[in-house]
Amino acid sequence: MIELRNVERWHEQGGQRAYVLRRITLTIKEGEFVSIMGPSGAGKSTLLHVLGMHDGEFSGEFDFLGEPIHKLSRKARLEVQKKNIGFVFQSYHLLDDLTVYENLEIPLSYRDVKKSERQGIVADVLDRFHIVGKKDLYPNQLSGGQQQLVAVARALVAKPKLILADEPTGNLHSDQGREIMELFRTLNEAGTTIVQVTHSETNATYGNRIVKLRDGWLAD
Amino acid sequence: MQELRHAVRRLARTPLSSLSAILTLALGIGATTALFSALDTVVLRPFPFRDPDRLVMLFETHAKRGSDRFEVSWPNYEDWRRQQRSYDDLAAMPNAVSDGFILEGRDTPRRLKGSLVSGNFFDVLGSRAALGRTFQPEEGRSGGAPVVVLSHAAWQQALGGDPGIVGRSLAINGTATTVVGVMASDFDFPRGAELWLPAVTTLPDVVASRQTGFLHVIGRLKAGVAPETGRAEIDGLVRQLARQYRTDDKGRGAATLAVTDYLLGSTRLALFALFGVVGLVLLIACGNVAHLLLAQGLARRRETAVRLAIGASRGRVVRQQLTESLVLALAGGGLGLLLAAWGVRVLAALAPEEIPRASEIAVNPAVLAFSLGLSLVTALVCGLVPALQASRPDVVDALRDSSRGLTASRASRRLEGGLVALQAALAVVVLAGSGLFARSLLALEHVPLGFDPQTRSFNVGLPDWKYPSLEAKRAFHHALVERVRALPGVEAAAATFLRPLELGGIGVNSWIALEGEGSEAQDRNPSVNYQSVTPGYFEAMGAHILRGRGFEEADGASAPGVVVVGEATARRFWPGQDPIGKRVAVYGAKADPKGGYVWQTVVGVAQDVRHRQVHEAALDLYVPSEQSPFPAEYLVVKSPIETAGLAASVRREIAALDKDQPSDAVALLRFVDRARGGARFRAVLILAFAGLAAALAGFGLYGVLAHAVSRRVPEIGVRVALGARSRDIATLVLVEGLRPVALGLLLGLGGAVAFGRAARSLLFGVSATDATALALSVVTLLFLAVLGGLGPARRALRVDPVTALRE
Ligand SMILES: Nc1ncnc2c1ncn2[C@@H]1O[C@H](COP(=O)(O)OP(=O)(O)O)[C@@H](O)[C@H]1O
Ligand SMILES: [Mg+2]
């Protein structure tokens, strides 16, 4: 599904290139559940954003389902993303002035899902995450854990083929964390490819492969 | 002092936005100050009369004719004066200044505009001469020595400012007349008068008749007498005199008008309306600056929170913020004052003749005080909300990583939305108002005048001392018309008593009776606009005879009486019938000295000519000069030749008949322009203000949206990451911007209708709720909103999720 060849990412700093990702060559097959691990500042989030196609400013080659992402325009890239990828942000990034329900609904409306269908899908997801009671609350009325839960739910709602999650359990207590990992496993078993960034060895055990990053390099 | 230094330093740190704030305020304060100068000089400053509040103009009313401002006859005036007790005294003057005063004895004779006023005229007004004196009681009586009071302008221009003028004798209309005084330069009553002569009580028959109303009566109410009491008393006198001298009953009564309203006419409303509009423009400008301060306040939230946390009082923070807006407003006010100094010159140059004292509009101490006060108020209006907002940050929240929330606080967004809505509303009012005034002007310019404005005219009024009889005058005019017709290039020429549109709504009112009409019906006939003209008048004016014929040489003094009526007259009196051959009795045409009816035959129908007002056709009725008691005063000439050459040759012909007859050449267009002057002035000014309002509102909206987008970058990033397409993002930004605009539009439409209603009497050919004007203002504003939103929307579309979401 994913083929990275010699992907590099840098930032201009004082006229110099500060590399964040170095010669990343990586294959992820459909149906895998990969955990990216590494120390803080290693470039995990950066890699995830490249995979998530938010970031087009990399060099090297990135094929996704056979499509050369590095050759696509921003618009085309975002189109591929929209069709295939759900993203869980490290710091939730819920939309503050939308309710939980509306936060879950918005990816669907961006995908032109009909209103009636949206209702069913969102109701389902609310159910699955046991947050039906919270659907009319605003994000600032939720605890950090609950917000993360909603953020995960939002990543799933459009039924992506690939879920990218940046420390999805970082702010959850262990019960909730486990719940999410179980959910990922279920999804993965049903065919969804999952790539998560995590610091937790336990969480990594839910996946079937670990990719290690250090100072922007793949380590083994 | 320390706050001032801080404020200046802070403003200097963002020079571009500070400068744009100052410029914005300068435009607003400058325009408002300029308009205040006009309002102050023209409307608010007392006229140069003693206790002007006690001065009223008095008119007769004829309820049955639906007329509320009839001039008063000389005998009636004298009876009122003798019998009333509500007024210190009543004075009188003719309804219009006359240019029939010929000053001889200088190099060439010249015409001066003057007014034959009652001897107590200046005493009633309570106005003293600047040089010499005004009239003494015996000078108003017959047999008194002829005296004249000159205007300051006449003294300066016609008499070279001769310092020894008082006591000199001038030859005015062939009479040696002693100058007893010169008025101050600010005395201009009736408007345009260059000299005042005491009217004597021995008047020609037509003037001495109770039927001939031509006076405007000025009353000075006794101290403590209410205007209504004074009016009611005259009302009673009018009824009593009507019973005593007349058999008809036209539902006569009396009406009064404050002398300031008489002088200002629609100018007061017009200037107040424009002042209101420019005030709205200033408010829009304030909105922009308030938003700027608000945005800066938000950006400084953490700094403010730190200050509050280390113990600064809220008052101190507010004061600091207000000092900043004060510095901006004072700088803007200073610059605005410069703009105003230039603006008042533009205003004075644009002002139409109908606006009194326009040439005196200037930046004076009152204006300086006003603009200083206005700057202080502006500082408060711009600064208070941002100051309060800034002084109330949630300290904990602001000190914590403030980027946690994706979007700005609901409260500050609501505040910005409110600002946008308010600005949109104000802009709609100004835009719609400009639409109304512009459409009024357009309508006025498209009114068919009924005559060719290129027609040239010359004054040929003849003085009684030289041409004592009507016959002598008629002979002169007849000969002159013949000579002028023979000039090369002259297509038509004729003589007339009045020129169209010259006197601003004033003309000769006459009543008519239809043959076979009962006296009750007769009493209800509206008065007609009486014109006395020589044969060839319609050709010279370019007015078409629609039916029948115009006047001919055969319609002489001894021939059967004939009249030509206007279309409106024909429709009013003979609806659905052919008026040709109908017979009417017209007061003022072949009048039977014994007051009986003398029937005249309608021989023609002419196209309606806008004689009195551009915006309204009167009921025209024409009588041949030879059959009228009014001598011709003007020559009208139709010719394709350019004016200077024609004017010179016509003057030569006048001089050939009488070398002492001065005559000025004027194209009738001049009076047309003057009649439209008020509407044009209003339209030009309000369009300028509307342009300013639109620019400021568009700019303001751009600012708010740009600010909103820059604050929402992370949120937009999330949305893009969630799959939002370009159009979703564009919609998000534009809808956020347009929602308050839409609310503002609704409010603004209400305001626009209210404005239209308030200014209704200034509108012509367009209703206060004119759909086109309202729709245009809405469309313009929406266009501006979209235009203002495009840049920010484009910026939003370029937001890259990865940079927006750096974690
Ligand atoms: N826009 C940027 N400009 C400069 N440096 C950046 C930028 N974005 C990320 N970095 C740097 O890239 C490195 C990797 O960041 P990140 O991918 O967030 O690490 P991780 O998620 O592994 O903790 C960090 O040192 C960070 O400071
Ligand atoms: Mg990270």
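In what order do the six strands of the open sheet with mixed pairing in chain A lie? In this predicted model, the order is β6-β7-β8-β3-β9-β10. Strands β6 (85–88) and β10 (217–219) of chain A form the edges of that sheet, each pairing on one side only. Direction ignored, neighbouring strands of the sheet are turned by 20° against each other on average.

Within the six-stranded sheet, strand β7 (residues 162–166) of chain A pairs with strand β8 (residues 193–197) of chain A in the parallel sense, over five bridges. Ala165(A) has Gln196(A) in β8(A) as its bridge partner. Two helices lie across strands of chain A. Helix α1 (residues 44–51) of chain A lies across β3 (33–37), β6, β7, β8 and β9 (209–214) and runs at about 155° to β7(A). Helix α5 (residues 144–156) of chain A lies across β6 and β7, at about 170° to β6(A).

Chain A also holds an open sheet of four strands, ordered β2-β1-β4-β5, in which the pairing is antiparallel. Its edge strands are β2 (16–28) and β5 (67–68) of chain A, each of which pairs on one side only. Strand β1 (residues 2–13) and strand β4 (residues 59–64) of chain A run antiparallel and are joined by five bridges. Across this pairing, Arg5(A) stands opposite Glu61(A) in β4(A). The side chains of Arg5(A) and Glu61(A) also meet in a salt bridge, at 2.9 Å from N to O. Because Arg5(A) lies in strand β1 and Glu61(A) in strand β4 of chain A, the pair ties together parts that are 56 residues apart in sequence. Over all chains, a search of the whole structure finds 53 salt bridges.

The interface of the two chains brings 26 residues of chain A into contact with 24 residues of chain B. Chain A and chain B bury about 2300 Å² between them, with 49% of it on carbon and sulfur atoms. On the chain A side, Arg74(A), Asp97(A) and Tyr110(A) lose the most area to chain B, together 26% of what that side buries. Three salt bridges are found across the interface of chain A and chain B. The side chains of Arg727(B) and Asp112(A) meet in a salt bridge at 3.8 Å, N to O.

In chain B, helix α11 (residues 314–350) packs with helix α12 (residues 365–390) at an angle of about 145°, their axes being 7 Å apart. The crossing of α11(B) and α12(B) is right-handed. The residues of this contact comprise 17 nonpolar, seven polar and one charged.

Some backbone angles also deserve mention. Most residues other than glycine have a negative phi, and most peptide bonds are trans. The following table gives two residues other than glycine with a positive phi.

| Residue | Phi | Place |
|---|---|---|
| Arg23(A) | near 35° | strand β2 of chain A |
| Asn173(B) | near 50° | loop between β8 (169–172) and β9 of chain B |

A cis peptide bond joins Phe189(B) and Pro190(B), with omega at about -10°. Pro190(B) is placed in the loop between β9 (175–182) and β10 (195–198) of chain B.

Key
Residues are numbered from 1 along each chain as its sequence is written. Chains are lettered from A and ligands numbered from 1 in the order in which they are written. This is a predicted model: local features need pLDDT of at least 70, side-chain atom pairs count only at pLDDT 80 or more; totals for chains, interfaces and linings use all residues. Side-chain values use heavy atoms; hydrogens and water are left out. Axes are lines fitted to C-alpha atoms, for helices over the stretch in contact, and angles run from 0 to 180 degrees between N-to-C directions. A crossing is left-handed if the near helix is turned anticlockwise from the far one by less than a right angle, and right-handed if clockwise. Ala, Val, Leu, Ile, Met, Phe, Trp, Tyr, Cys and Pro count as nonpolar, Asp, Glu, Lys and Arg as charged, and the others, Gly among them, as polar. Two strands pair if DSSP finds at least two bridges between them. Contact means heavy atoms within 4.5 Å. Buried area is the accessible area (1.4 Å probe) that two parts lose on being put together, summed over both. A salt bridge is a side-chain nitrogen of Lys or Arg within 4 Å of a carboxyl oxygen of Asp or Glu.
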